[in-house]
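Reader: Hi, I'm new to this one and would like someone to walk me through it. Could you put it up on the screen before we start?

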Amino acid sequence: MQFDELNALSPVDGRYRSKTEGLSSYFSEYALIRYRVLVEIEYLIALSRELPQLKTALQNTSEEGLRKIYLDFSLADAQAVKKIEETTNHDVKAVEYFIKEQFDKLGLTAAKEYIHFGLTSQDINNTAFPLMLKDAMQKVYIPVLKQIHSKLQSMSQEWRDVPMLAKTHGQPASPTKLGKEFEVYVYRLEQQYQALEAVPYTGKFGGATGNFNAHHIAYPSHRWEDFANRFLSSIGLEREAYTTQISNYDHLAAIFDALCRINTILIDLSRDIWMYISMEYFKQKIKAGEVGSSAMPHKVNPIDFENAEGNLGIADALLTHLARKLPISRLQRDLTDSTVIRNIGMPLGYGLIALKSLEKGLSKLLLNRAAIDADLERNYAVVAEAIQTVLRREGYPNPYETLKALTRTGEAISRESIAGFIDGLDVSEQVKEELRQITPFSYVGIY
C-alpha cells in the first residue's frame with residue numbers, strides 16, 4: 001500500500017500533515033541519516049586539518065567537495081544506506097560504509113579508513129540528534145511560537161483600555177483590563193522563552209566510553225579533548241566534557257522541560273479564551289461553508305482552542321517522558337535511549353499542530369464589548385473592596401463588616417444601591433464624592 005495521509009499511523013503524518021511537514025526535514029528517517037552523514041563528513045574535515053596523513057590522502061579534493069556528500073544527499077542516497085543496513089543490521093555502520101563507497105567514487109580510497117576514525121556510533125548519534133533539534137527549533141518551531149507571542153502582544157495593546165470583570169474562583173472579582181490579562185501571557189511566554197534560550201545544545205564526543213581511548217592510542221601526543229571541543233563548536237554544539245558511551249542528555253532534558261512550561265502556559269491561555277468565548281466576551285469570525293456542529297446549525301464551537309489544548313497535552317506527555325528517561329542509563333550505557341530519542345520530533349509535531357491552531361483561533365476572535373460592559377454593570381458589588389479600603393483610610397469603624405453586610409443580603413447590588421449606601425455614610429461630602437467616582441469600569445488598578 002502506498003503511503004499517504006489516509007493510511008498514516010499517526011495524525012502527525014496523517015490528518016495534520018499540512019501543519020507538520022516542515023519538521024520532516026529534521027526528524028524523518030531520511031533526515032536522521034543525512035545528519036549522521038553531515039557529522040561524519042565534518043569530523044573528517046576537522047581531522048584533516050590536524051593529521052598530516054589524512055590531509056595528504058585528501059589532497060585531490062576540497063572541503064567543499066566533501067561537503068557535497070551531505071549537501072546533495074538525496075532520498076535515493078538514504079535508500080542506499082538503508083540497503084546497506086539490511087546487511088550490517090547497524091544503522092550508523094551503514095552510514096560509514098555508504099561514505100566509503102562515495103570516497104571510492106571520488107578517488108579518495110586512501111582516506112577511507114579515517115571515516116569514523118576512533119568513534120563509536122553514539123559520537124555520531126549524540127551530535128546528530130541535538131543538531132536536528134536545534135535546527136528544527138530555530139527554523140520551524142520558534143518562528144511560529146514567536147508569531148503567537150507577537151499576536152498576543154498586539155491584542156494586549158489593542159485592548160489595554162477595555163475594563164473587564166475579573167473572575168477569581170469563577171466568581172465576580174475586582175475588575176481588570178482585557179489587555180492586561182493578555183499581557184500576563186505575553187510576559188509569561190517571554191520569561192520561559194528566555195529560559196529555553198539559555199539552555200545550550202550539547203553533544204557527546206569522546207569514543208567508546210567517553211575517554212578518547214582509541215584516539216589516544218593512535219596519536220598519544222595529540223590534544224584530543226581540545227580537538228573535540230573545537231569540532232563540536234564548529235558545528236554549533238557545546239561538548240559535554242565527562243560522559244559514558246552516551247550523552248548525559250541533561251541539557252536535552254532541560255530543553256524538553258522548558259518546552260513543557262511553555263506548553264503549559266499555552267494550555268492555560270487556551271482554556272481562558274475558551275471561557276471568554278463561552279461568556280460571550282468574544283465572538284468568532286465565521287467562514288462561509290464551515291459547519292460548527294453536525295446537529296445544531298447555530299453553533300460556532302471554539303475548536304481551535306480545544307485542538308490546541310489537546311495537542312499540547314500530548315506534547316507535554318511525550319516531553320516529560322523524554323526528559324525523565326533519556327538522562328538515565330545503566331552503567332556506561334544501555335540501549336533504551338536509542339529507541340526513545342528517535343521520537344523527539346513527535347512532541348514538536350503535536351506542539352506545532354497546537355501552535356497553528358492557536359494562531360488560527362486568535363485570528364478569529366471578535367471583541368464583544370457589549371457583553372463585557374453588561375457583565376460589569378451587573379456586578380456593582382465588586383466596588384465594595386474599593387469603598388471599604390477608602391473608609392479604612394478615613395478611620396471609619398468596621399468598614400469591611402459594613403460592606404459585607406451590604407453585599408451579602410441576597411439582593412442585587414446596583415449602581416443605585418451603591419449610591420444610596422454612599423449617601424448614608426457618616427463621612428465628609430468630599431469623601432462621598434470620591435466614592436461616587438468608583439465604578440466597576442474605573443476600578444481597574446494601575447495596569
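Author: Let me begin with one contact, in which the side chains of R415 and E377 meet in a salt bridge, 2.8 Å from N to O; a salt bridge here is a side-chain nitrogen of Lys or Arg within 4 Å of a carboxyl oxygen of Asp or Glu. This pair links distant parts of the chain, since R415 belongs to helix α19 (residues 415–423) and E377 to helix α16 (residues 369–378), 38 residues apart. Helices (H or I, at least four residues) and strands (E, at least two) are DSSP runs, numbered from the N terminus.

Reader: Before we go on, what kind of model is this, and how are the residues numbered?

Author: This is a predicted model, in which local features need pLDDT of at least 70 and side-chain atom pairs count only at pLDDT 80 or more, while totals for chains, interfaces and linings use all residues. Residues are numbered from 1 along each chain as its sequence is written, and side-chain values use heavy atoms, with hydrogens and water left out.

Reader: ok, and are R415 and E377 buried or exposed, or somewhere in between?

Author: R415 has a relative accessible area of 39%, so it counts as partly exposed, and E377, at 32%, is partly exposed as well. The cut-offs are under 20% relative accessible area for buried and over 50% for exposed, with partly exposed in between (1.4 Å probe, protein chains only).

Reader: how many salt bridges turn up in the whole structure?

Author: A search of the whole structure finds 35 salt bridges. Another of them joins the side chains of E63 and R49, at 2.8 Å from N to O. That pair also links distant parts of the chain, with E63 in helix α5 (residues 63–71) and R49 in the loop between α3 (29–48) and α4 (52–57), 14 residues apart. E63 is partly exposed at 25% relative accessibility, whereas R49 is exposed at 54%.

Reader: and what about R223, which residue does its side chain meet?

Author: The side chain of R223 meets that of D226 in a salt bridge of 2.7 Å, N to O. R223 counts as exposed at 60% relative accessibility, while D226, at 29%, counts as partly exposed.

Reader: Changing topic, what volume does the largest pocket have?

Author: The largest pocket has a volume of about 360 Å³. Of the 15 residues that line it, the closest to its centre are A381, V382, A384, E385 and T407. On a 1 Å grid over the protein atoms alone, a pocket is an open set of points with protein on both sides within 12 Å along at least five of seven lines, a cavity is a set of points where a 1.4 Å probe fits but cannot get out, and lining residues have an atom within 4 Å of a point. Grid points are joined across faces, edges and corners, and a volume is the space filled by probe spheres set on the points.

Reader: where does the largest pocket lie?

Author: Domain 2 (124–202 + 239–367) and domain 3 (378–435) both give residues to its lining, so the largest pocket lies between them; the domain bounds come from an automatic or database domain assignment. Strand β2, α17 (384–393) and α18 (399–407) each supply at least two residues of that lining.

Reader: what about the second largest pocket, how much space is in it?

Author: About 310 Å³ of space lies in the second largest pocket. It is lined by 13 residues, of which D13, R17, S24, F27 and S28 are the closest to its centre. The largest share of this lining, three residues, comes from α15, and at least three residues are drawn from each of domain 1 (9–116) and domain 2.

Reader: last one, how many cavities are there of 30 Å³ or more?

Author: The search finds two cavities of 30 Å³ or more. The largest cavity holds about 50 Å³ of space, and the largest share of its lining, three residues, comes from α8. The second largest cavity, with about 30 Å³, is lined by E181, F182, Y185, L269, D272, I273 and Y276, and α12 gives the largest share there, four residues.
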